[in-house]
Each structure stands twice: as C-alpha cells, then as structure tokens.
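Trainee: I would like a close look at one part of this model. Please start from a single side chain and work outwards to what surrounds it.

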Amino acid sequence: ASFLLWVGLAGLRMHLTTCPVVHPDMLNVHLVAHTHDDVGWLKTVDQYFYGIQNDVQHAGVQYILDSVISSLLVEPTRRFIYVEIAFFSRWWHQQTNATQEVVRDLVRQGRLEFANGGWVMNDEAATHYGAIIDQMTLGLRFLENTFGKDGRPRVAWHIDPFGHSREQASLFAQMGFDGFFFGRLDYQDKSVRKEKQQMEQVWRASASLEPPVADLFTSVLPNNYNPPDKLCWDTLCADKPFVEDPRSPEYNAKELVDYFLQLATAQGRYYRTNHTIMTMGSDFQYENANMWFKNLDRLIQLVNAQQANGSRVNVLYSTPACYLWELNKANLTWYLGGNGSLGGRPALKRYERLSYNFLQVCNQLEALAGPAANVGPYGSGDSAPLNEAMAVLQHHDAVSGTSRQHVANDYARQLAAGWGPCEVLLSNALARLSGSLGDLTYCRDLNISVCPLSQTFQVTIYNPLGRKVDWMVRLPVSEHIFDVRDPNGTIVPSDVVIAPSSDISELLFSASVPALGFSVYSVTQVPGRSSHAHNRHPRSQKSWSRVLAIQNEYLRARFDPDTGLLVELENLDQNLLLPVRQAFYWYNASVGNNLSTQASGAYIFRPDRQEPLIGSHWARTRVVKTPLVQEVHQNFSAWCSQVVRLYPGQRHLELEWTVGPIPVGDGWGKEIISRFDTVLETKGLFYTDSNGREILERRRDYRPTWKLNQTEPVAGNYYPVNSRIYIRDGKLQLTVLTDRSQGGSSLKDGSVELMVHRRLLKDDGRGVGEPLLEEGSGVWVRGRHLVLLDKAQTAATGHRLQAEKELLAPQVVLAPGGGAPYHPGVTPRKQVSGVGPPDREDPSEPRRVFLALGGTHFAPSPTTSTRSVARQSRLLLSPIPLRLGNLHPSLLPCTSPGPTAQPSPPRLDPAAITLQPMEIRTFLALVQWKEHG
C-alpha cells in the first residue's frame, strides 16, 4: 500500500540564515561542491591522507583541504561540504591557530559545511548498530568541541555505501538529522522512482518506534555522487574547461551553457519542487580546488545571464542542508515509503566484532573505575586508540571487505594497536575495583594456542551485560588435573578435554558472573596427578552404535550414523521436533558468461550456476561426552570441519566451523556456504536482522515498491545478516545466530544458508583491481553458528537475549595467583558488580559520562500493542552516584538544535527511566567520585 504523509519539514530543527537567496519562480539548481574521501580503499588511511603511492591512485587529502580553504577565501559565494572527520580532524590538528580561526569563520558563515559528521561514512550492510553509533558519536563530538553548534551537520550523506538499511535511516532520524541523501540504489528501483517522481520521500524506518520518531526525509541524488557528464573540472578529469573568448578555436561557452540548461530542465522533471541538486565533485577531487571553483564561477555567471533572454533556470552554490531548507518552505505532501559485499574477508569481520566487544568492556570499566583506570599501576590506559580504530573499521570499504589486501592488513593493524592501551586500562580498572595487583595476561589467541599459565593462576571474567551471565570458560592447558574454585572458595565442576585429531587440551568450567561486573576464579594444578583427559583416542561412534546424538536438559541433536551429518533437532523443554539437515556447499564463482561478463569478486556475488555443489556427502565423526560438554566433531574434508556442541543449560546448538584454505587448483573460485534444510513450509518468506536491531521480512524474488525483474536468482535473494536469520511456519521457528556479519538467504522453502568464506580468482571490475584471494592467516576462518528451535510466537525473546550475549561476551583475563594488595590493608574482592550501591570511591573532579540505554523489546506487528518498559536506574547504572544532566534527544553531544534559544530539557528523576520499544536514549551524566559516606 502507498501512503501520503505531511512530511513535517515545516518543523525542521534547522533554520539556516546563512543559505543563499533563490528565485521562487525559477528552477533553482543547487550546486554542491564536495569531495568523497574513502578512509582506506586502494591505499591505506595514511597513504590517502599524505598523498603517498600516487601511482596507485592520485589522492592526497591534506592537499585537498589546503586547497579548498584557500579557494573559498577568494570568492564569498563559494561553498563546500566535507564529510570524513577521520581525515578532517587529523588535518585540523596540523594547522596553525590562524588557519583554524579562518576555518571557524568559514563554518560560521555556512560556506564550509559538514555533512553526516561521522568519523567515516559507514557501511550499512556489515555494520552493527552499536558500532555505527560509536563512530558517529566520535565524529560529531569532535565537531561539537571544535565548532560548537555551527559545526553540527543537518543532513546525513551516504553517497557511496552499497545499499541502504532501514536501521541506518532509523538511527539517523533518532540522531536528529533533518534529511538523508544517498547515491546508490538498485537501477530498477531508481527507474521507477524517476518515473513516479518519488526520488524524494519520507522513509518510515521503524515498525516499533512511534511515528515520527524514525521518519526521515530521504533524497536520491540524480547522478550517484558524481558531476554530470562533460562538467567535471578536476585534475583527475578530462572535460573541457570554460573557454569564453569567441576568437579562440576552443570557444565552448555557449555550447556548455546550452547543454547545462537542457540537463537541468531534464533533471528537474524527476523532482517535485522547483529545486534540484547537482553534485560537483567525486573521489578525492579538489586537490586543485581552483580548477573546480573557477569553472563553477563561470557556469553560474553565464547560465544566470541567460535569464535576461527568458531563461527560467537559476544556478547557485549551495549545500544539502540549504537545498533541504528550500524543500521545507515548499510545504508539500510527500510520499511515505518503507522497505524492506556480504561475505568477503570473514576473518576481518570477526576481528571487528571481537574488537567491538572489547571496546565496550574498556569503556565500561573506564566509567566504573573512574580516573584510576587511565593512570594506575600498569601505566597509562586509554580507550581512544581502539575507539578510533573501530570507527575506521566501519568505513564502507573496511568491514565490508571491499578494500585491497594490504589495506585490509592495515585495518587489522589499527585494531591490534588499539587493543594494547585498552588492556592497560582494563588492568588498572580491575586492580582498582578488586583491590589486588597481579601480572595480568590478555591471551588474544585462546582459540588456537596455549596461554602462559603457571601451576596456580586466577581467571577474572568480566561481564559487560546488564544481567547475570553463566559462561563456560575454555582455557588451553597442559594435560593435568586442576581444582577450580569460585569467588567464595567453593570447588566447582571442571574438566580437561582433548580435541580429537589434536594435542590441544582445554580446561572447562562454568563461571557465574554478575551484571556489569566480574568474578575471580582460582585454578590450581593438582600435583603428581596426570589427567586422563576425555577422548584421548576417540573412536568413530558409528563403529559401535547406531545412535549418534548429543543432548542436555533442553535440546537433543541427532546425526545420521552413516553420513555423520546433523539430521534432527529436538527442543525437549517445549516438546518440539524438527528434521534439520546441515551440510557445507560451495558456489563456483562466475568469471562471466553469455548473459553477462560480470565476474564474482569483492563487490559482486555472482555464482556460475544456481545450484551449489555439496562439499561432502558425509563426515568422519568423533564424539566427546563429559558432564560439562557434549560434542560431535565432523571432518568433511582437508579444508572443512565442524564441532557441534552442547553445554549443560544451553538452549541453543553451537556449530563451530573451520574452513580453509579453500582449494582453487581446479581454476574455479569458490564461495562456501553452510546450509540448513528443513520441512518447514515457509511460503517464500524468511527474516533477517537490520544492523543487529529490528527484524525485516524478506520474500524471495520480490521487492515491495516495484515489480522485480529477477536476473540473478541466487545473489538477488541474498541479504545482509548481521546477527541472525530465521525461517518459520505457523508453529515452529528455526533461528541461526552468527558471530559476524555474513550474507544469507532462503533460496527454497524450509532452507537457510549463510556464506562463511570466499576465495576468488578474478577481479569483478568494480575498482579494487585485484581478486579476493587472501593469503596468510586469512585463508583459514573459524566461526560459530548458534541454532535455536522454538515456538514461532515466543522465539523472539530467546534469540534477542542470546544475540546480546554473543555481541557482549565476557572478557577473560589471566593472572598468577597471590597478587599484592592495591592499597596496604585493603582486602581483595573476588566478585564485584556494577549494579547496586557504591562500595568504595576515590575523590576526583567531576567527569562527563555518556550513558546510552537501548530498548531491545519491539513491536512485532502493527496489531501488537506496544508497552513502554520502565527500568529502575539503580539496575542500569554503574556503582557511583550519578546526576543525570540534560537528556539529549539524539546522540549529538551538542546544545540547542537550532539558532533560537530553547529551554533545556528538564533534569530527570533518576529513580525510573522509561524506554519505548526499540528506543535508544542517551544521557549526559556528571559523575562525581567522592569518599563513601
């Protein structure tokens, strides 16, 4: 159904007194001078900024900003917008005070305007909403601190990401942006929008938030983000500049003016007002800004001179915010719409997700411990390097996997460099909160190697969730017997398990960790006794039993004893039984065919045929069963294996897969999938999350706003899966949770598939210039899928809570036993929670802390009543007295959103905070650490 909505632009928070004058009775063409500066792509971030390796791509961001500022000063009507704060902030810190003041003046005048304002222009498919918020906050905070309200971006500007998500639009609306401009969309969609004059509409971006909270005016730019043909006047372009001298054989001024008038008139037909926008710039342009501005000056002057001859076209320097301001004044009713690169570099995608987890732990402990976290016995701790590295990773060529290999390596280097200062911060904070000093160890390779442990050591587990968590700790150890004691000194069950076909033994024990807090467990090697570790020489179970199954009190998973494949999942708690067959397949990557020359590559997923090839019809199986874990180890081939696992009390089946190196010796690139086939009658429907938040319904071979001409039946039905995908019939729901962003689909009823790895031999011709053929550690990838079987009506609670637990998993820190006290006479504490009254505090100056609270409950359908959920703040805040200051309606740490004075939001009663379904509320808290009592 189509809807019309009074767009509400009359209520825009903006009121731009610095915008240029327009002609109300003419077609006004808003020229937007801009550069698009990728924060890494063909070159690294530093190579782009400094202009290194220009033989790869001529690009030097520092020179672009130098040149733009100089050119703006020449002519007061000139305007320019800038987007990537990762680059701008670096450039800013290298300027003299005099230059900084000149730039501040240009910003005050509206001649230099910031759009979007995030650290990067983030990807929308492979990013988690929490990481999007963090990177936007980093950039916007810089602008607020540097330029005040003058630097606040009014519009979101996503001109290059490869597709757009509903959650991204919802976040932008909640952040307080007045509009959203983007460049890339499906060519069929764009054709329909142009035909129906729907290039601009209001996007209703949430089914749960009460309108108009997530309603956002959205504009599709007419030419992606490039200049029109023949009108590119950069050193990187070959178009002819204006030649006004009629005596010159190169004279072209009249031809260019006539061409522009025809172009503007034709473009204006696709938009509903007498205003249209033209982007004048592209990738890393304006290094010689004078070339651009000199020709734009001529264009404006000569085209507007034709008004004396009856022309009804008016050209002006403008910005997206000024263009939107004019649409606001048009007082139109706008169409209301809503709508419903994925598998590349999976190792980097997982590293990004792990780093997000670690950054949240770092941020929380920095707030919980106060200044003692930043300066303490372990040195200077700092969350900023990891925060900035994580922000860079959200760039649309970073986590998406669409950069060159050496750039992907540099992204990983930045993350690794950011972990170190955060580890120091964690050490300081844990020492301060526990009252104990020790030689803390952060074993980043827990999944592949033995960590340096003594015969007696302590395991500190920090839980970043706001609820108690039971977590199975797995530590690689030597083959011995260990006693494990909880924070109260009570021995807890533990076991040492050796993985089949491996000499690695692991110590297992279940830890109970309080909300926003940690527990310290003590581990002691029992002297003189060697472990009879489980499954030292396991046998294939099919040789002695026709029943191959693992189970706990909630689930049973059954395997075919002949093939070793998973064939059935049973929810014992709810008496649900579902045949489920899981196996690995691959698509041969297309190198082009008679239908299209398009190859599969970093940007494009295009299989050679519609049906995938099965990796193996059977798996060699080994079984491990102990009181703490039951596992079926499946070996499919030399490059593909999997462990299917159940712990006690676990309501999901864990599938830990290892893939690589993918063989390509036959000359075919391959795209590997894990597929689950069931008997569910799903009627072409399946469901995926949007950036880890709300759920979108997907229908095979269908688009809700136009009649789809499906030319790619596999790739055309693939969607981003940030955290989960599920299928359901009227009764049962099968959900698969992921540990990183992947591509997924349901290409036939009852089936779910997820792409786990890709190795390709040909470039797809979209700019990267090299095939997706990772070397080194990237050829091996290990990951996990968590499978839940529930009743369709109640499944949401389970998968949402479990997805949260996977995203914000506990952090494990190791240390030798018997550390010194933090302060003389202080008794060490082995369990601390950030929930509840404060225990012990240090005096310090007040500090500002941003506190973001997000509701994860949602309204599943328009017919479902939405109830707000009140949460007691004492269950949410850290163990310090907080004065909640002004409530910001968005994540922008700024003052009044408009030029007119507005009353400050009232101070909140800290006793209760109310969250609407899917609402995110951010508070600025003034925290005072003081002596208790």
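Trainee: What does the side chain of His128 reach, and at what distance?

Mentor: The side chain of His128 reaches the backbone nitrogen of Gly130 at 3.1 Å. That is a polar contact, meaning a pair of N or O atoms within 3.5 Å; within protein, one must be able to donate a hydrogen and the other to accept it, and residues adjacent in sequence count only if both atoms are side-chain atoms. The model is predicted, so local features need pLDDT of at least 70 and side-chain atom pairs count only at pLDDT 80 or more, whereas totals for chains, interfaces and linings use all residues. Residues are numbered from 1 along each chain as its sequence is written, and side-chain values use heavy atoms, with hydrogens and water left out.

His128 sits in the loop between strand 4 (112-114) and helix 5 (129-147). Helices (H or I, at least four residues) and strands (E, at least two) are DSSP runs, numbered from the N terminus. His128 counts as buried because its relative accessibility is 6%; buried means under 20% relative accessible area, exposed over 50%, and partly exposed in between, with a 1.4 Å probe and protein chains only.

Leaving aside neighbours within four places in sequence, the residues in contact with His128 (heavy atoms within 4.5 Å) are Arg353, Asn691, Gly692, Asn722 and Leu807. Three pieces of structure help to place some of these: a sheet, one of its strands and a helix.

The sheet is open and has 9 strands in the order 26-27-28-29-38-35-34-31-32, with antiparallel pairing; two strands pair if DSSP finds at least two bridges between them. Strand 26 (620-625) and strand 32 (694-699) are the edge strands, and each pairs on one side only. From one strand to the next the twist averages 20°. For such angles, axes are lines fitted to C-alpha atoms, for helices over the stretch in contact, and values run from 0 to 180 degrees between N-to-C directions.

Take the end of the sheet that holds strand 32. Strand 31 and strand 32 pair in the antiparallel sense over 6 bridges, with Phe686 partnered by Arg698 in strand 32. Strand 31 (residues 685-690) is also joined to strand 34 by 2 bridges, again antiparallel. There, Thr688 has Ile725 of strand 34 as its bridge partner.

Strand 34 (residues 724-728) is mostly covered, with 4 of its 5 residues buried. Strand 34 also pairs antiparallel with strand 35 (residues 732-738), through 5 bridges, and in that pairing Ile725 stands opposite Val736. A hairpin of 3 residues joins strand 34 to strand 35. Ile725 is thus a shared point, since Thr688 is its bridge partner and Val736 of strand 35 stands opposite it. In a regular strand the side chains alternate between the two faces of the sheet.

Helix 14 (residues 795-807) packs on this sheet and touches strand 32, strand 34, strand 35 and strand 38 (781-791). The direction of helix 14 makes about 155° with that of strand 38. Leu807, one of the contacts of His128, belongs to helix 14.
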